[in-house]
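Thank you all for coming; I would like to take a few minutes to walk through one model with you. Please have a look at it first, and then we can go through some of its side chains together.

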Amino acid sequence: MYGHVAKLADEIKKGASSVEGVEVKVWQVPEILNEEVLGKMGAPPKTDVPVISPQELAEADGVLFGFPTRFGMMAAQMKAFFDATGGLWREQSLAGKPAGVFFSTGTQGGGQETTPLTAVTQLTHHGMVFVPVGYTFGAKMFDMDKVQGGSPYGAGTFAGDGSRWPSEMELEHAFHQGKYFAGIAKKLKGSSA
């Protein structure tokens with residue numbers, strides 16, 4: 001809604017694209033709030049990133065889902081998108097595909113772990129293979145000198161009132177997650193060929 005997840009997605013794309021032979025596409029889910037509500041919330045205009053349809057997920061070799069948090073869970077726009085994937089679930093079109101998550105929360109207690117944890121249920125019902133980043137980002141995950149988002153589940157940022165943008169560390173975490181995930185997805189695709 002405000003661009004924090006898009007900023008992380010840009011870094012994730014850079015990281016994933018750094019893996020040879022990997023093609024990366026970025027999409028956004030359909031907006032479910034009307035323009036009047038978005039205006040009252042102070043949301044800037046949407047980017048020109050294409051809007052995805054559920055069927056396009058089936059074409060991907062792996063998917064990293066990024067979303068803002070609302071009350072410790074994924075925002076309603078993302079949940080509505082997942083709710084529209086029933087046909088894919090019925091056909092098990094996503095089963096076996098690697099998937100991961102990244103996120104933005106307003107506060108430190110706003111869902112840096114509950115948001116990805118509750119998102120795993122969506123992936124599980126589709127039979128997707130959850131690929132967390134774990135502690136592969138290394139010592140930077142243990143830095144206590146600054147406030148930083150993210151967790152072993154995936155890259156993350158704190159938006160605060162919307163004025164705080166992802167820190168350099170959070171962007172590095174996102175780049176790392178993209179590269180790490182692309183490497184895993186590439187290996188999984190290669191082993192099934």
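Let me begin with a question: does K146 count as buried or exposed, and at what relative accessibility? K146 counts as exposed, because its relative accessibility is 56%, and I should say at once that what we are looking at is a predicted model. The side chain of K146 meets that of D143 in a salt bridge, at 3.8 Å from N to O, although D143 itself is buried, with a relative accessible area of 18%.

D143 also brings us to the second largest pocket, since D143 is among the residues that lie nearest its centre, together with M141, M144, Q148 and G150. That pocket holds about 280 Å³ of space, and its lining of 13 residues is made up of five nonpolar, five polar and three charged residues.

Turning to the other salt bridges, of which the count in total comes to eight, I would point out two that involve helix α7. K189 and D61 meet at 3.1 Å, N to O; K189 lies in helix α7 and D61 in the loop between α3 and β1, so this pair ties together parts that are 128 residues apart in sequence. E172 pairs with K140, with the closest N and O atoms 2.3 Å apart; here E172 is in helix α7 and K140 in the loop between β4 and β5, so the parts tied together are 32 residues apart in sequence. E172 is partly exposed, at 28%, and K140 likewise counts as partly exposed, at 37%.

Terms used: Residues are numbered from 1 along each chain as its sequence is written. This is a predicted model: local features need pLDDT of at least 70, side-chain atom pairs count only at pLDDT 80 or more; totals for chains, interfaces and linings use all residues. Side-chain values use heavy atoms; hydrogens and water are left out. On a 1 Å grid over the protein atoms alone, a cavity is a set of points where a 1.4 Å probe fits but cannot get out, and a pocket is an open set with protein on both sides within 12 Å along at least five of seven lines; lining residues have an atom within 4 Å of a point. Grid points are joined across faces, edges and corners, and a volume is the space filled by probe spheres set on the points. Ala, Val, Leu, Ile, Met, Phe, Trp, Tyr, Cys and Pro count as nonpolar, Asp, Glu, Lys and Arg as charged, and the others, Gly among them, as polar. A salt bridge is a side-chain nitrogen of Lys or Arg within 4 Å of a carboxyl oxygen of Asp or Glu. Helices (H or I, at least four residues) and strands (E, at least two) are DSSP runs, numbered from the N terminus. Buried means under 20% relative accessible area, exposed over 50%, partly exposed in between (1.4 Å probe, protein chains only).
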